[in-house]
Number of protein chains: 2
Amino acid sequence: MKAFILSEWLQQYFFSSGDGPAYSRLYDLICRAILEGHLAAGARLPSSRGLAADLGIARNTVLQVYEQLTEEGYVHAGVGRGTYVEDISQDLLQPAASFRETPGTAEHKGPIGHDLSRRGRALLAHLGFSSRQAGAFMPGVPDVREFPLKTWSRIQNRLWREGPWDLMRYAPAGGYGPLRQTISDYLNSVRSVRSSAQQVIMTTGIHQGIDVAVRLLCDPGDSVWIEEPAYWGVRNLVATAGLRPVPIRVDDEGIWPREQDREHPPRLIVVAPSHQYPLGMVMSLARRRMLLDYAQQVSCWVLEDDYDSEFRYGSRPLPSLQGMDDAGRVLYAGSFSKTLCPGLRVGFLVVPEPLSLAFADAVAELYREGNMVHHAILNEFIRNGHLASHIRRVRRRYAERRDCLISEIHHHFGDRLDVVGGDAGLHLILALPDTVDDQVVVRDALREGVVTRPLSTYYLDRAHARSGLLLGYAGVTPDEIRPAFDTLAQVIGRYLQSMQTKGGRRDDTRRTGTQ
Amino acid sequence: MKAFILSEWLQQYFFSSGDGPAYSRLYDLICRAILEGHLAAGARLPSSRGLAADLGIARNTVLQVYEQLTEEGYVHAGVGRGTYVEDISQDLLQPAASFRETPGTAEHKGPIGHDLSRRGRALLAHLGFSSRQAGAFMPGVPDVREFPLKTWSRIQNRLWREGPWDLMRYAPAGGYGPLRQTISDYLNSVRSVRSSAQQVIMTTGIHQGIDVAVRLLCDPGDSVWIEEPAYWGVRNLVATAGLRPVPIRVDDEGIWPREQDREHPPRLIVVAPSHQYPLGMVMSLARRRMLLDYAQQVSCWVLEDDYDSEFRYGSRPLPSLQGMDDAGRVLYAGSFSKTLCPGLRVGFLVVPEPLSLAFADAVAELYREGNMVHHAILNEFIRNGHLASHIRRVRRRYAERRDCLISEIHHHFGDRLDVVGGDAGLHLILALPDTVDDQVVVRDALREGVVTRPLSTYYLDRAHARSGLLLGYAGVTPDEIRPAFDTLAQVIGRYLQSMQTKGGRRDDTRRTGTQ
């Protein structure tokens, strides 16, 4: 195993993997090395003594992690001594790794951290993406099984039969023209977004929209206001671009800058007014007016992240912030990742008219995009009304799933735990008492096969973070929701109980949960 | 026309559109405004007097540009006075613009340059991409009409029938696992690239590979060596990342740093050893050794841009630089844009093993990629040998087209003009005497419908640039090549003649060519 040396890899990632307990960091990293195929089946883990010395942690911690991994079937004790990686290739989309010898590389490589740039190390220290993209209760993903495969294929086949030569080249700046017009019309009717086709800039998703906006509008050292809490991805894009993310508190009406915040105007404000992420509330009309006035007054930009407003249960979606903006300060970012599926990689920015050419050019220059075949299919799909009916159909389905999850929560916890932000979107938040460490609950749930996300990690300022779990319900059927929530409820129950018996001291909870 | 105001737009772009003559800059910008749909059919151009005053140029220049545009059918003189945009929507992929009123935005917008970041303005001042992507002699594009539509559709249809749910989510870090393995195997056999599947990081193309490499490996202020001349896109990515591009001369053996260059080691060196872009020579073995030794000695990275080495006519492709690298300093970037088609947006990086996890994570974090359906189709396409046979087939075809172009060149110019770099790739260079301004020739040819690229603009240091034309031949049949080259030869002939009659003084040539 010259090509991948676990202990070196662990040394490099262990110290940048957050400030959680050593036990869980080590467990997560080894799991990951196995799940991502860096450790092939049959590979031997380092001795517990050696690894403990390398990482400067107690040998007992390593032994406990190995034990846990054995119980969970990731590794097994071999003949004689040593611990060996199991063959888990059946479970994975990615094939089991089959390393070949790459002579020479092993000796020369130093600890990787030294070879990356500072911004590269910072980027990797705060990863927001997840390799796990399905199952109860992964938030932020739609049910891809609902994708309108037949309708899409029909359009696709027709296009392919015609020989879509012009669609197979690099895309023109801004993207495929007819789709830009269609999206402009569509947004105008469903979101009250006011734009010409030229203001619609095709992207591969909201994430890319944010990346180009921060690079094109802000210079190193500029500050960017980010809602506290907010979507993980924003922070990292902002920081990688050399900018300073400034967390701004939110309340029930949305972003709510303090007087001292307002004295230091940012260059850009990123908000999700239709459905705050992850808390789920809608920004009030008063707060929208305040935000637009302030942006105009200090001449900063506002990026409206409208990632899932199509899914609103009960009330109609509010019109967009962009539609209220008379000063041309708002950029509106949207995507088909939630309405159709993430694999499409089609999103868009709607920018103020004076910026439209600059953004079209910059996206082309920075990313050399092009998937116009998808653009053309999507164009026909929307034009023929398929998108609208697809959204209506899945909205009903997601509403059922949300109801199922909420009723499970009430069944298990009655009124003891609050549900936050369940009126819209693809996830809700199950609030936990702040004495319960949500990261520990998430980890324990994951061990039993249930995916959740700890609310506290969406805050930049962890000291004032609220505890809770993000539960995505859109991607799972009621039949999947019920047993998964049973399992999760048991995990949560243990911590609620332990909190009661131990007087709720956080330190105790944490210790119980980890070693 | 509240939404788009030509004179404001011209004021903003005119001064950042390079240092060419006012006439050609103005002509290019107005053409672009029409071709990209910013000016709808029937829109009225500003008065020549007003526009001249706005831009601070002679009214006569504006009049000449309007005359030229009228001759070429972009605009027409209206009833009474004024110049109006023609309906050219039939000619375009993009639909004619249909602007709607967007009340309020017009009054508040200032000159756009003031609202962009410094790096944004720099990015836009040096655009490398082109909206024109087809026709004789657009370089760097394959013949998309040769795309193996049937084979691809067959695989695609089978996949869609199965319901490729897992492929419709966000991709795991690094991309679709089976394709990473396939590319690793493929590169090993055809390019002697040594890697495991984990070292293959899927990207959307070489451009994205370079973008992530410069951001992950270099910090603001670091210098990056770039071949002089080189691919346009590199410079802009390097500069946007806050880095300093340092041009390094090349000779017939490839990159050739001077002693004073070597005294200031860069953080990264970007080279195209298999087929220098745009000059087309192969880096010699001695120079490769020198480069690898130097990189190891100063601990910098080398990015090997292997954009089109599959197309080598006559001799076999040389093995990759990566395959010679025993110190793990080389990143290898490749793409299917030339072998299949740009619209696929599938490329890859092969990184040294210690960087593999970092790059997989960084690509996922920065770009949230995902088009795994394409990945899965491509995987089967390569596995079943279709890629290899497709390349063999089109290589023969491109060789015929190259031969046709070279014979046209000899037919028109005998030995008076040199052909450079015609042994491989999708384009060659027709060298011009340095007394002929290649930018002027390119502009004149474009007016007669022939696309070429001026060699001089690929140099960072224009003072030492060589004059010549990049002629792409892969995307056009011999029947298209012959008349297009006839036209081009006449344009070139005028300048060769004018050079002789006027003693070859560059100033004269330039003046003749412009006003």
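## Salt bridges in a predicted model

Glu146(A) is a buried residue, its relative accessible area being 10%. The structure is a predicted model, and this report follows Glu146(A) and other charged residues through their pairings. Side chains of opposite charge can pair when their charged atoms come close.

Glu146(A) forms a salt bridge with Arg393(A), in which the closest N and O atoms are 2.9 Å apart. Because Glu146(A) lies in the loop between α6 and α7 of chain A while Arg393(A) belongs to helix α15 of that chain, the pair ties together parts that are 247 residues apart in sequence. Arg393(A), with a relative accessible area of 34%, is partly exposed.

Across all chains, a search of the whole structure finds 44 salt bridges, among them the three listed here.

| Salt bridge | Closest N and O atoms |
|---|---|
| Asp143(A) with Arg401(A) | 2.8 Å |
| Glu146(A) with Arg393(A) | 2.9 Å |
| Arg158(B) with Glu380(B) | 2.5 Å |

In chain B, Arg158(B) lies in helix α7 (residues 149-162) and Glu380(B) in helix α14 (residues 372-383), so their salt bridge ties together parts that are 222 residues apart in sequence. Arg158(B) counts as partly exposed, at 33% relative accessibility.

Returning to chain A, salt bridges that share partners join Asp143(A), Arg145(A), Glu146(A), Arg393(A), Arg397(A), Arg401(A) and Glu480(A) into one network. Within this network, Asp143(A) forms a salt bridge with Arg401(A); Asp143(A) lies in the loop between α6 (118-125) and α7 (149-162), and Arg401(A) in helix α15 (residues 386-413), so the pair ties together parts that are 258 residues apart in sequence. Asp143(A) counts as buried at 4% relative accessibility, and Arg401(A) counts as buried at 3%.

Conventions
Residues numbered from 1 in each chain as written. Chains lettered and ligands numbered in written order. Predicted model: local features only at pLDDT ≥ 70, side-chain atom pairs only at ≥ 80, totals over all residues. Heavy atoms only, no water. Salt bridge = Lys/Arg side-chain N within 4 Å of Asp/Glu carboxyl O. Helix = DSSP H or I, 4+ residues; strand = E, 2+ residues; numbered from the N terminus. Buried < 20%, exposed > 50% of the residue type's maximum accessible area, 1.4 Å probe, protein only.
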